[in-house]
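Work through the three exercises below with the structure open. Try each task before reading its solution.

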Amino acid sequence: MADTVYLDNAATTPVDPRVFEAMRPFWIETWGNPSSVYAVGRRARRALDNARDRCAQILNARANEIIFTGCGSESDNLAIKGCAMAMAEQRGWRHVVTSRVEHHAVLHACEWLAQHMGFEITYVDVDGYGRVDPADMTAAVRPDTAVVSIMYANNEVGTIEPVAEIARAVKAVNPLTVVHTDAVQAGGLLPLDVEALGVDALALSGHKFYAPKGVGLLYLRRGTPLVHLLSGGGQERGIRAGTENVAYIVGMTVALELAYAELSQRVAHVSALRDRLIDGVTSRIDGSQLTGHPTDRMPNSASFAIDGADGESLLLNLDQEGIYASSGSACTSGTLEISHVLCALGLPEAQARGSLRLTTGVRTTEGDVERLIDVLPAIVERVREVTPSLVG
Ligand code: PLP
């Protein structure tokens with residue numbers, strides 16, 4: 001990566017070498033199945049139990065409130081579908097509230113409930129910064145609302161949602177409604193105290209904070225009704241069958257601990273670089289504007305709408321310079337679809353098509369940021385020339 005500049009840390013992050021070293025013994029030495037009764041299995045079980053305790057501590061939760069999963073999407077699906085179906089079974093409630101700017105892991109889980117389980121979904125609007133007004137959220141809550149799902153921080157524009165305020169307000173209207181937050185982007189950079197947040201469920205994904213891809217967790221408050229989605233053995237208290245991926249779970253635990261032990265340095269580092277990106281791009285490129293909230297935003301996220309410049313073309317041109325960035329979310333980039341998030345913010349199409357997301361990480365350097373700021377103006381000019389129909 002010596003000659004390349006990686007500014008897509010919201011898409012994924014490289015594994016921290018300390019995390020990799022912590023994982024190594026669980027492939028080579030302590031490779032047992034945690035459900036086996038003999039020594040190598042018992043050692044794996046101890047590592048798993050220990051990881052659960054340590055993750056719980058970071059979240060200010062109890063160990064039996066942590067469910068290890070395969071990714072953030074799985075955690076979101078388990079919380080939303082699992083809690084919604086349990087509430088339908090127990091109370092006949094079939095209504096879910098979420099926002100228009102959620103990740104597809106949430107939006108598509110909601111759509112699935114509507115299509116296959118007869119649920120009604122209310123999508124709450126956001127303001128021009130992508131923020132949900134807690135009053136709008138509570139206005140949408142009904143006596144039969146099974147689940148409210150609100151993201152902690154937006155993956156495209158970095159806006160931080162008032163999760164604690166929303167959770168409190170929702171509980172005041174309907175104390176039994178399950179409040180879930182998709183904290184996948186927030187993990188490793190924002191506080192994750194589930195008591196302070198007041199949520200019943202919280203989803204995390206290891207690969208956003210320097211653990212490998214393919215491991216996540218769901219915090220589920222004790223007593224929250226849940227139907228399991230994956231049937232099989234009794235792993236994860238019967239909630240999520242499948243032999244546990246001990247190495248990855250240990251890796252995610254170490255990565256989470258490192259993130260919160262080093263939080264203030266990391267936030268200072270990534271936010272200084274983010275601010276330089278925001279300043280450099282908006283001052284050097286006419287017709288560019290910051291998207292998302294100016295202050296209540298992820299410390300690592302700089303996102304822009306660049307008038308008349310197609311986002312996909314910007315990415316391809318940056319790639320040729322060895323700079324890796326993103327336009328919209330990783331899931332929608334690669335298609336010409338306009339991001340549902342930018343539409344929800346009310347951006348005109350010409351601007352929404354020119355979206356660029358630059359996200360810094362612990363390995364990002366000042367040199368990386370200056371290189372982006374140096375090359376982007378000429379790229380934008382070139383891209384604008386070949387996409388005249390988008391100008392204006
Ligand atoms: N939720 C948000 C906000 C995300 O940004 C992502 C991934 O980009 C996910 C959920 C899905 O996480 P995973 O890739 O671990 O399934």
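Two strands pair if DSSP finds at least two bridges between them. The model is predicted.

**Exercise 1. Place strand 10 among its neighbours.**

Task: Find which strands pair with strand 10, and in which sense.

Step 1. Start with strand 9, residues 288-290. Strand 9 and strand 10 share 3 bridges and pair in the antiparallel sense. In this pairing, Gln289 stands opposite Ala305.

Step 2. Go on to strand 12, residues 355-359. Here 5 bridges link strand 12 with strand 10, again antiparallel. Ser301 of strand 10 faces Thr359 of strand 12 as its opposite residue.

Step 3. Now look at the side chains. In a regular strand they alternate between the two faces of the sheet. Ser301, Ser303 and Ala305 point one way, while Ala302, Phe304 and Ile306 point the other way.

Step 4. Decide whether strand 10 is enclosed or open. Buried means under 20% relative accessible area. Of the 6 residues in strand 10 (residues 301-306), 6 are buried, so the strand is largely enclosed by the rest of the structure.

**Exercise 2. Describe the ligand's surroundings.**

Task: Say which residues come nearest to the ligand, and list polar contacts with its oxygen atoms.

Step 1. The ligand has 13 residues around it. Ser73, Asp182, Gln185, Ser205 and Lys208 come nearest.

Step 2. Sort the shell by type. It holds 3 nonpolar, 7 polar and 3 charged residues. Helix 4 (residues 72-91) gives the largest share, 3 residues.

Step 3. Check the distances. A polar contact needs N or O atoms within 3.5 Å. Ser205 places a polar side-chain atom 2.6 Å from a ligand oxygen. For Gly72, a backbone N or O atom is 2.8 Å from an oxygen of the ligand. In His207, a side-chain N or O atom lies 3.1 Å from a ligand oxygen.

Step 4. Add the cover. Alone, the ligand exposes 390 Å², and the protein buries 88% of that.

**Exercise 3. Account for the disulfide count.**

Task: How many disulfides does the whole structure contain, and why does Cys55 form none?

Step 1. Recall the bond. A disulfide is a covalent bond between the sulfur atoms of two cysteines.

Step 2. Count. The search of the whole structure finds 0 disulfides.

Step 3. Test Cys55 against the cut-off, which is 2.5 Å between sulfur atoms. The closest cysteine sulfur to that of Cys55 belongs to Cys71 and is 16 Å away, too far for a bond.

Step 4. Compare the settings of the two. Cys55 is buried, at 1% relative accessible area. Cys71 is partly exposed, at 28%.

Notes. Residues numbered from 1 in each chain as written. Predicted model: local features only at pLDDT ≥ 70, side-chain atom pairs only at ≥ 80, totals over all residues. Heavy atoms only, no water. Near = heavy atom within 4 Å. Polar contact = N/O pair within 3.5 Å; in protein donor to acceptor, adjacent residues only side chain to side chain. Areas by Shrake-Rupley, 256 points an atom, 1.4 Å probe, with all protein chains shown as cover. Helix = DSSP H or I, 4+ residues; strand = E, 2+ residues; numbered from the N terminus. Nonpolar A, V, L, I, M, F, W, Y, C, P; charged D, E, K, R; others polar. Buried < 20%, exposed > 50% of the residue type's maximum accessible area, 1.4 Å probe, protein only.
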